[in-house]
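Visitor: I would like to go through this structure by asking how each label is earned. Please set every value against its rule before you conclude.

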Amino acid sequence: MALLEILVYPDPRLRNQALPVEVVDTAIGGLVDDMAQTMYAAPGIGLAATQVNLTKRIVVIDTSEHQDQLQVFINPVITGMGEQIETEEGCLSVPGVVVPVKRHSEVQVSALGKDGKLFELHATGLLAVCIQHEVDHLDGKVFVDCLSQLKRDRIRKQLLREGRSSGKTPGQGKESQPAI
Ligand code: ZN
């Protein structure tokens, strides 16, 4: 297993469109393991392949209290359900920033697991929010896209400045919200 580098906004590679995984083989299994290790080390509760510069539709999530229940979603397809809610979100690719984002309160998701088998899941609460956030990443979207141009510019400048001065992941450890 290996730790992967997490891309930081406004890195243009966060805009890449991830492509469907054709065969879930041992190579994909290895990527899933690396992504999980990277997510836990960050620490975060969700990670999309786009965030580690892999253009594949793979998401790992663990919203459990003790971070011991990894969930793997390969080629996830989601249907938003329930009412629209506003949640405070943080993101591993936008460190130190927490903003309100509108989401569906529930989702129905179908995906392949690490074993290559198709499964369906009805998710609510934090897991539902997490799945929507990560599938946005696969489509090249970042949660700050919903903010005004002015606020986005401010965040972009701040992260560029911190990235230059520290030479490592900016804003690390500042998140007051679990980052996804
Ligand atoms: Zn994110």
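Visitor: Why is the site of the zinc ion called irregular?

Guide: The angles among the 4 donor atoms run from 91 to 143°, whereas four donors count as tetrahedral if all angles lie between 85 and 135 degrees, and four count as square planar (six as octahedral) if opposite donors are over 155 degrees apart and all others between 65 and 115, with anything else irregular. Because 143° falls outside the tetrahedral range and the angles do not meet the square planar rule, the site is irregular.

Visitor: What makes an atom a donor here, and which atoms coordinate the zinc ion?

Guide: Donors are N, O and S atoms within 2.8 Å of the metal (3.2 Å for Na, K and Ca), and since water is not among the atoms, sites may look incomplete. C91 (SG), H133 (NE2), H137 (NE2) and I180 (O) coordinate the zinc ion at 2.1 to 2.2 Å, and along the chain these donors follow the spacing C-x41-H-x3-H-x42-I. Distant parts of the chain are linked in this way, with H133 in helix α2 (residues 125-138) and I180 in the segment after α3 (149-166), 47 residues apart. Helices here are DSSP runs of H or I with at least four residues, and strands are runs of E with at least two, numbered from the N terminus.

Visitor: On what footing do these values stand?

Guide: This is a predicted model, in which local features need pLDDT of at least 70 and side-chain atom pairs count only at pLDDT 80 or more, while totals for chains, interfaces and linings use all residues. Residues are numbered from 1 along each chain as its sequence is written, and side-chain values use heavy atoms, with hydrogens and water left out.

Visitor: What makes β3 and β4 a pair of strands?

Guide: Two strands pair if DSSP finds at least two bridges between them; strand β3 (residues 71-91) and strand β4 (residues 94-112) are joined by 14 bridges and run antiparallel, so the rule is met. In this pairing T79 stands opposite Q108 and V77 opposite S110, and a hairpin of 2 residues joins the strands. β4 also pairs in the antiparallel sense with strand β5 (residues 118-124), over 7 bridges, where A111 has F119 as its bridge partner.

Visitor: Why is the ring pair of F73 and F119 called tilted?

Guide: Rings of Phe, Tyr and Trp (its six-membered ring) pair if their centres lie within 6.5 Å, planes under 30 degrees apart being stacked, over 60 edge-to-face and the rest tilted. F73 and F119 lie 5.8 Å apart centre to centre, with 50° between the planes, so they form a pair and the pair is tilted. F73 lies in strand β3 and F119 in strand β5, so the pair ties together parts that are 46 residues apart in sequence.

Visitor: How do you know whether F73, F119 and N75 are buried or exposed?

Guide: Buried means under 20% relative accessible area, exposed over 50%, and partly exposed in between (1.4 Å probe, protein chains only). F73, at 2%, is therefore buried, N75, at 18%, also counts as buried, and F119, at 27%, counts as partly exposed.
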